[in-house]
Amino acid sequence: MKSIGSRFTTWRKVGIAIASLGLAASLAACGSGGGSAAGGAEGGTTTEGSGTLDGDGQNLIVFMPTTSNVYMAADLAAIKSEAKELNFTVKAFENNFDQTEQDQQVQEWIATGEDAAAILFWPSAGEAATNSIRLLSQKAPVFQFNQGVQPDAEEFVTAYAGVSDLGIGEQAGKSALESLEARKAEGVKFSGPDGKPNIIEFRFPTGYVAGDDRHEAFVKATDGAFNELVVEPLKATDAQSGYEAASQIIPKFKSDGIDYIYAQNNNSAAGVVQALEQNGLTPGEDVIVVAGDYSGDKAPLREGKIASAVIQSPVLEGMLVVRTAAQYLATGEVVDGTATLPSDEEKPELEMTPPNKTTFMMNPPITADTYDSFKIWGMTVDDLVK
């Protein structure tokens with residue numbers, strides 16, 4: 001596995017390039033054991049464990065993109081809620097998906113001399129954020145979330161806590177295989193060579209590394225079970241972009257037989273469903289649509305038109321990054337390893353143990369049949385995904 005910086009970048013990995021296309025808002029809605037001290041940069045802060053998970057009213061300073069986006073708003077609300085539960089105070093600085101603006105905010109905050117127990121940092125453009133991370137690490141331990149840590153920033157980041165695009169792609173692949181086995185058992189015949197099902201993939205925009213991760217993980221998980229007709233990049237990750245791309249691609253391949261479609265998020269999959277119907281194909285019957293993260297219009301999945309999606313919850317992400325910071329502040333250590341949270345139905349008690357260097361959210365699948373009974377950390381699908 002590659003470093004967390006190169007493999008687990010999400011939302012705005014290509015920051016400035018994405019912004020130049022006007023896509024920022026739509027793109028937002030994506031080791032060995034043993035303990036070690038983690039003090040950030042050379043000459044930066046070091047932390048002795050407090051011995052308690054109680055924050056004692058200390059500051060958590062958050063830098064992140066604007067909460068005018070629903071995902072970011074839910075993420076920050078969860079950060080504030082979890083911080084309050086653990087007796088921390090939160091101060092947040094939002095930018096308009098602009099790394100230059102975020103860099104300026106960092107410099108201005110440092111100039112105030114204000115103290116912080118920890119920094120929770122979501123870079124707007126990870127490849128351009130290393131200097132800000134380095135400066136912040138000299139003030140307090142930095143916990144990065146949502147967008148993965150770049151290799152040149154790893155020494156300045158105490159821990160990462162958030163989403164895994166590889167995990168989302170892998171689960172989408174597993175869901176596609178489960179559907180395939182069920183349809184084979186029903187005697188369904190497929191259109192591809194040697195009886196394989198033909199599949200079309202609609203992926204995130206070219207250059208958006210989260211899309212690369214989701215594609216590679218899906219291909220690895222399905223291991224040649226599908227005959228790939230085309231991988232089509234979208235202009236953005238919303239339903240309209242999914243519809244526009246599918247409206248062009250589906251007629252080109254309809255005569256070949258389209259058995260499956262993989263769209264890298266549910267939002268774009270909703271647009272694909274519309275295009276299928278307009279081309280005389282019934283999603284869920286003629287064509288099975290499998291989605292990545294569950295975002296946007298929930299109706300197509302609930303109606304069975306989208307067979308499955310993957311939960312990527314901003315609520316869980318916000319809670320996770322605060323919990324990770326609290327565990328580090330209590331123990332003064334991190335574990336040099338990677339962990340993925342289990343899909344516990346009830347919220348687990350926070351233990352006073354060192355967090356992992358990298359902690360990923362769980363990536364559970366969701367279908368129409370499991371929607372109403374689904375629960376993680378005491379929350380339903382509608383609680384988890386805004």
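**Strand S9, helix H10 and residue Gln105**

I'll start with strand S9, residues 260-265, where six of the six residues are buried, so to speak of it as mostly covered is fair. Keep in mind that this is a predicted model.

S9 has strand partners. One of them is strand S7, residues 198-203, and the two pair in the parallel sense over four bridges. To find that pairing on your screen, look for Ile199, which stands opposite Tyr260 in S9. Another partner is strand S10, residues 288-293; S9 and S10 also run parallel, joined by five bridges. Here the pair to look for is Ala263, which stands opposite Ala291 in S10. How does the chain get from S9 to S10, and is the crossover right-handed or left-handed? The chain goes through helix H10, residues 266-278, and this β-α-β crossover is right-handed.

Now to H10 itself. The helix has 13 residues, and from its first C-alpha to its last it reaches 19 Å. That is close to the 18 Å expected at 1.5 Å a residue.

Is H10 mostly covered or mostly open? It is mostly covered, with 10 of its 13 residues buried. Among the buried residues are Asn266, Asn267 and Ser268, and further along the helix Val272, Val273 and Leu276. Ala269, Ala270, Gly271 and Ala275 are buried as well.

What covers those buried residues? The strands S7, S9 and S10 are part of the answer, so we meet the partners of S9 again. Helix H9, at 239-253, helix H11, at 299-302, and strand S11, at 308-310, also contribute to the cover. After H10 comes Gly280, and its phi is positive, near 75°.

The last item is a single residue elsewhere in the chain, Gln105. It lies in helix H5, residues 99-112. Is Gln105 buried or exposed? Its relative accessible area is 12%, and because the cut-off for buried is under 20%, Gln105 counts as buried.

Which residues does Gln105 touch, leaving aside its neighbours within four places in sequence? The contacts are Phe63, Phe93, Glu94 and Asn95. For Asn95 we also have a backbone figure: the C-alpha atoms of Gln105 and Asn95 are separated by 8.3 Å, with the residues 10 apart along the chain. For Glu94 there is a polar detail. The backbone oxygen of Glu94 lies 2.6 Å from a polar atom of the Gln105 side chain. So Gln105 is a buried residue, and its side chain has a polar atom 2.6 Å from a backbone oxygen.

Technical notes. Residues numbered from 1 in each chain as written. Predicted model: local features only at pLDDT ≥ 70, side-chain atom pairs only at ≥ 80, totals over all residues. Heavy atoms only, no water. Buried < 20%, exposed > 50% of the residue type's maximum accessible area, 1.4 Å probe, protein only. Pairing = 2+ DSSP bridges. Right-handed = clockwise from strand over helix to strand, strands pointing away. Expected span 1.5 Å × (residues − 1). Contact = heavy atoms within 4.5 Å. Polar contact = N/O pair within 3.5 Å; in protein donor to acceptor, adjacent residues only side chain to side chain.
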